[in-house]
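Load the model and keep the sequence beside it. The walk below starts at one helix and works outward.

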Amino acid sequence: MRLRLSAPVEIQNLLPFDFKYRIYDKNTKKDWTNFLRRGGVSPVHVVELSHLLLMSIDMQDTPFKQSEFAIINSSDREDFKRENNIPDSGGAFKVAVFSPYIVLNRTGLELDVRGKSFFGSAKTAAGQGTFANTDEQGVRKALPFMFSFPTDDRKNRALIKLGESNWSKPVSFDAIGSTSDVTLSAASGRAEMHAGLTVEEGEGKYKLTKVVTIAPRYIVKNKINEDINIREPGSSDVMLLKTGDLLPLRFLKQSTGQQLCLCFPGVNNNWSSPFNISNVGSVHVKLAKAGQRQKLIRIEILMEDSTIFLHLTIETKHWPFSIRNESDTEFLFWQANPDIDEDEEDRGSTWKPIRYRLPARSIMPYAWDYPATRNKNLILSANGKERHVKLAEIGNLIPMRLPPAQGQTRQKIIDLNVIADGPTQTLVLSNYKPSKSLYKQRAGSASQSTTADFEVKDQDTNVTLKAQVRFAGIGISLVNRQLRELVYTTFRDIEIKYSESPLYQTLNTTVKWVQIDNQLYGGIFPLIFYPSVVPKTGKEMEAHPIFSCAVTRVKDDSYGVLYIKYFTVLLQQMTIEIDEDFIFAMLDFTKVPGASWSEQTEGKLCDEEVTIPEPKQEQSGQDIYFELLHLQPMQFDLSFVRTERINAEDTGSPSNPLMFAVNVLTMSIGNVNDAPIRYNALMLENARVSVGALMSNIQSHYVQESLRQVHIVLGSADFLGNPVGLFTNVASGVGDIFYEPYQGLVMTDRPQELGIGIAKGASSFVKKSVFGFSDSMAKFTGSMSKGLAAATLDKEFQDQRRMSRSRNKPKHALYGITSGGNAFASSMASGIGGLARHPLEGAEKEGAVGFVKGVGKGFLGLATKPAIGAFDLASNMAEGVRNTTTVFDQEGLDRVRLTRFIGQDGIVRPYSQREALGQFWLKTLDNGKYFNEDYIAHLELSSNSSSQSKPAHGESPMVVMLTYNDIMLVRTKRMTTEWHVKLKDIQTISKERTGMSIVLKGGNNGPFVPIADESSRNWFYKQVAVAVNAYNDKWNAKG
């Protein structure tokens, strides 16, 4: 026996400041005061829970006055609902005082915030300006600023203002996990300030508060051992950056790409070329003092939270490029004109190239003269012949044919090769040797001097080794601690292929079908995760596997990097359908004792010091070179339904990986129905990057994209500023488009077939026609009518339509037309009825204004509802005929198997179809009347066992069902009970020759169970004994 004593009320301070609180008991007219530190909990013993209690707080060390009194407990429970009672505490409760938003100002400037509701005007927040305290030295110190909106609506926005800037556009403080760039225009002139905005959830017990950090967007740190000047190109405002200093960039010119130039302090020193500051990665800039040699300055650009850090260091070891001339010809080289695209021709602009001389048999380090241009090409020139080279493209380029030099008659041929030499990319020029080169001359083409006179030598592309592993399928079942099966995951036709040829190694993985079933009884969606478009049958699954991944590596190691020719990942369009109950069941499942996320953290609200941030990360690692890295587009159709929580426990710590998704979803107030979440394809050409940097960039690309889409779906954010260039500094071409994942390329064993040839220096792959997909999307009739249904503003009609759509899943053509006809008829009726109904409903709710609104709604409905019916008819017929080209609702898709049955002994045995079916029947009997009973056994009664229960033709077979409380006879087709007897009403159960007879208490005869077969009879009688023993044990324990 355990006794728990708890204080009737606990007060918890979740604010960033200490406060005094005062509790007033209305019934006894007494009040009680105490001081409470931030983060502390204070028990209150002097109150009674049957009284009306009021509470007020008085913040310490802040400009706020004492608050008004608020009711925290009322004598009448019905008036006043509580969010969280302490479990098993006899009604004791906890009052948590928190601020919905805490704004941390890390900019070093004065910050003003205004709240703006969806329709209202902006209102100034309380306590403005007073939160920047002055400490002993008179330096102003930023303190956490508590903020809230007048109403609780996701459409609320805030306006911010820093120092001398104007007010920003409205920004959202609700987009948890997002980082965005806020631009604030200057009060004077054409400049704007950039600030980074990060929204996070409070840690641990502070999870009710959203922590909004506002920091400078760009911070430059000087790690050179001398001072340096920086300015924007064409500007006269020069900022001096002392060695070791951090400088936040405040006002920048209003332009699309922000750039900076560097210069050493001094009179005659020149400014460097400009470089972009918003592309993550490293950039090299050449800089010289007057009369001295050039130095190379490396700018490492990192992004952390919403701030971009620029670290300036002197690069002493490796220049980014070097050009090695092993031939006997002298070359000139220069960077191509940065002002024109690679496809345009130079129309005689005034631009003068910076030319470099490269004598025969010499080597020269190089960095781009104009690092800010998009297309970085090098031009080689000798004997009056020019050739464009992309230095980012590793591999053997087509040889270059030079005209004869003066006084000579022979042409020369130069072989070009780009290799990675440590961190440096090296272009090697050498005399062409037919035996060694990858290329051979075409016959009879010695006269012309084009690149077309060389072709690749015949390579041996035959596969020398092939290995293949196939699994017909894998099923994974998750069972929780209450011994219920949660999910069953199916993978079908898994193939892993490895092939090797003299040039390449290729690894290929495909999964033909992926499906995750919700095995909880009473769940709204039977399937959680399944393909939206690909049918489950035949050829289409062959041609469009649900998941496919391929990677091809070049075996030649002379290039100095791990050389990946082609890497691709494709996931077909998937549907995700979740209800809240399932999410909480999964959360409960993840509470594994001892797992890192299960530990309860104390949590902290924010750092003690609110200062300008410093970066933490450093990047390094072995480089990989991708000729083409191709992550194909993805689309998820998300549906989410709020359910009444059946077992609402506290959901655990926010560091749980699932918790984040939960909070974002449950934050959405309503249900989400089929919201498309789309990820563009990501194509990187000639990308050379370390594994760590690549993983973190891809991760931030997808995370930001998902957050943006999810918050847009939920209406909690509109636009999160310009995305950061994550890949522009590592790859020469970046493609970013959306096409249907269904049209995605599935890799064959041979990269040549995709037009990824061996020859280099030809045209860009990203521009090639492989991606001639239009990203326009055909609007299918189903999605049209969904949009129209939203346009009718009529909640009941939408709900009805959603219900009938979810049920009518046409299985064959005839049925499709009948269900389509029904949908059309009800749409017409609702449209005409709405003309009369809406004005009256409106008038009841909102008086005259409501009547006018109602008339408008009625007319809108009349116009759109019949159209919806027609669309539904069209899409139903298309579904019925099963035209393979339409995207269809998943008819014929079902759970792979029924939910596993686990007995009361808690032993998980091999899956039994029979027991699972029995359990399923029990749970669905009489519309769920016996949902909470525990199944023991069932027995099908054969029709010839006795004359009385012989089913007539077409009647459903009978089953006798046994639980821990009842015995019943069930018709399986109709799922109804013929009779049921509670065990507590039974006196005896005895075996007879043709079955089992039941005698009720008081000596009346109960129903007779006909079981002719002796072994079945004995088996069932044993099961009854189990039930009776369990029942007696239960009663003896109680008695």
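Start with helix H9. Its 25 residues should span 36 Å at 1.5 Å a residue, and its end C-alpha atoms are 36 Å apart, so the two values agree. Keep in mind that this is a predicted model.

Which residues of H9 are buried? They are Ser1016, Arg1017, Phe1020, Gln1023, Val1024, Ala1027 and Tyr1031. An α-helix has 3.6 residues a turn, so residues three or four places apart point the same way. The cover over the buried residues of H9 includes strands S51 and S52. It also includes strand S55 (986-991) and strand S56 (995-1000).

Now step back to the loop that leads into this helix. Ile1011 sits there, between strand S57 (1005-1010) and helix H9 (1014-1038). Is Ile1011 buried or exposed? Its relative accessible area is 4%, so Ile1011 is buried. Beyond its neighbours within four places in sequence, Ile1011 touches Leu939, Leu941, Thr994, Gly995, Met996, Ser1016, Arg1017 and Phe1020. Three of the residues in that list, Ser1016, Arg1017 and Phe1020, are also among the buried residues of H9. Leu941 is worth a second look. Ile1011 and Leu941 lie 70 residues apart in sequence, yet their C-alpha atoms are 6.5 Å apart.

Helix H8 comes next. It runs over residues 913-924, twelve in number. From first C-alpha to last, H8 reaches 17 Å, close to the expected 16 Å. Its buried residues are Ala916, Gly918, Gln919, Trp921, Leu922 and Lys923. They pack against strand S51 (935-940), strand S52 (958-963) and strand S53 (966-971). S51 and S52 also help to cover the buried residues of H9. Just after H8, the backbone does something distinct: Asp926 takes a positive phi of about 45°.

Move to a sheet earlier in the chain. Five strands form an open sheet, ordered S21-S18-S27-S26-S25, with mixed pairing. Strand S21 (246-248) and strand S25 (281-287) stand at the edges. Each has a single partner strand, so one side of each is left without a neighbour in the sheet. From one strand to the next, the twist averages 25°. Strands of a sheet pair through backbone hydrogen bonds, either parallel or antiparallel. Strand S18 (residues 218-222) pairs with S21 in the antiparallel sense, over three bridges. One residue pair to find here is Lys221 and its bridge partner in S21, Leu246.

What about cysteines? The structure holds zero disulfides. Take Cys261. Its sulfur is 9.5 Å from the closest cysteine sulfur, in Cys263, and a disulfide needs the two sulfurs within 2.5 Å, so the pair is too far apart for a bond. Cys261 counts as buried because its relative accessibility is 3%. Cys549 is buried as well, because its relative accessible area of 19% falls under the 20% cut-off.

Finally, zoom out to the whole protein. Its secondary structure comes to nine helices and 57 strands. Of its 1039 residues, 46% count as buried. Among contacts between residues at least 6 apart in sequence, 64% join residues at least 24 apart. The Ile1011 and Leu941 pair, 70 residues apart in sequence, shows such a separation. The accessible surface comes to about 52,300 Å², and carbon and sulfur atoms account for 53% of that area.

Note on methods: Residues numbered from 1 in each chain as written. Predicted model: local features only at pLDDT ≥ 70, side-chain atom pairs only at ≥ 80, totals over all residues. Heavy atoms only, no water. Helix = DSSP H or I, 4+ residues; strand = E, 2+ residues; numbered from the N terminus. Expected span 1.5 Å × (residues − 1). Buried < 20%, exposed > 50% of the residue type's maximum accessible area, 1.4 Å probe, protein only. Contact = heavy atoms within 4.5 Å. Areas by Shrake-Rupley, 256 points an atom, 1.4 Å probe, with all protein chains shown as cover. Pairing = 2+ DSSP bridges. Axes fitted to C-alpha atoms, helices over the stretch in contact; angles between N-to-C directions.
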